[in-house]
Amino acid sequence: MNLRKEEIKEYANDVSVAPLGIPLLCGPGAIANAIVLMQEAYSFEMKTAVIVAIILVYLITFVLLRWAGVLVKFIGETGNNVMMRLMGLILMVIAVECFVSGARPILTEILHGS
């Protein structure tokens, strides 16, 4: 799409933010994953472990986001590309796990009948 110079200046001066990272951190996928993990945790210790793991992940995420500029300079362009591909793979694995966890009861019901 071709933009006129006035439009480019308008977009450059726009202070609105498209929070692309927020849905990955606390969006529907993360919430669904937490629900599935808590549902599979059958004891108090397992539920505590899930909560501690969530807190630990958010603390690590805070530190990484806080120092992201330094981290990108340290790992370089190639390291950044590798990390992006790894994160995409991890996101795909979580999505498949959520799908399988949701489909398992339905398939069990269909295969074993009422």
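1. Exposed surface. In this predicted model, the chain exposes about 10100 Å². Carbon and sulfur atoms supply 73% of that area. Of the 114 residues of the chain, 8% count as buried.

2. Elements. The chain holds 5 helices and 0 strands. Read from the N terminus, the order is α-α-α-α-α. The points below deal with helix α3, which covers residues 28-40, and with its contacts to helix α4 (residues 44-66) and to helix α5 (residues 68-112).

3. Geometry of α3 and α4. These helices pack at an angle of about 155 degrees, and their axes are 8 Å apart. An angle over 145 degrees counts as roughly antiparallel, so α3 is described as roughly antiparallel to α4. The crossing in which α3 passes α4 is right-handed.

4. Residues between α3 and α4. On the α3 side, the contact is formed by Ala34, Leu37, Met38 and Glu40. On the α4 side, the residues they meet are Met46, Lys47, Val50, Ile51 and Ile54. By type, the residues of this contact divide into 7 nonpolar, no polar and 2 charged.

5. Geometry of α3 and α5. Here the packing angle is about 55 degrees, with the axes 10 Å apart. Roughly parallel would require an angle under 35 degrees, and roughly perpendicular begins at 65, so α3 is classed as oblique to α5. The crossing of α3 and α5 is left-handed.

6. Residues between α3 and α5. Helix α3 contributes Asn33, Val36 and Glu40. Helix α5 contributes Ile94, Glu97, Cys98 and Ser101. The residues of this contact divide into 3 nonpolar, 2 polar and 2 charged. A student following single residues may note that Glu40 is listed in the contact of α3 with α4 and also in the contact of α3 with α5.

7. Serine 101. Which helix holds serine 101? The residue is found in helix α5. Is serine 101 buried or exposed? Its relative accessible area is 15%, and buried means under 20%, so serine 101 is buried. Leaving aside residues up to four places away in sequence, serine 101 touches Val36 and Glu40. Val36 and Glu40 are among the α3 residues that meet α5.

Technical notes: Residues numbered from 1 in each chain as written. Predicted model: local features only at pLDDT ≥ 70, side-chain atom pairs only at ≥ 80, totals over all residues. Heavy atoms only, no water. Axes fitted to C-alpha atoms, helices over the stretch in contact; angles between N-to-C directions. Helix = DSSP H or I, 4+ residues; strand = E, 2+ residues; numbered from the N terminus. Parallel < 35°, antiparallel > 145°, perpendicular 65-115°, else oblique. Left-handed = near helix turned anticlockwise from the far one by under 90°. Contact = heavy atoms within 4.5 Å. Nonpolar A, V, L, I, M, F, W, Y, C, P; charged D, E, K, R; others polar. Buried < 20%, exposed > 50% of the residue type's maximum accessible area, 1.4 Å probe, protein only. Areas by Shrake-Rupley, 256 points an atom, 1.4 Å probe, with all protein chains shown as cover.
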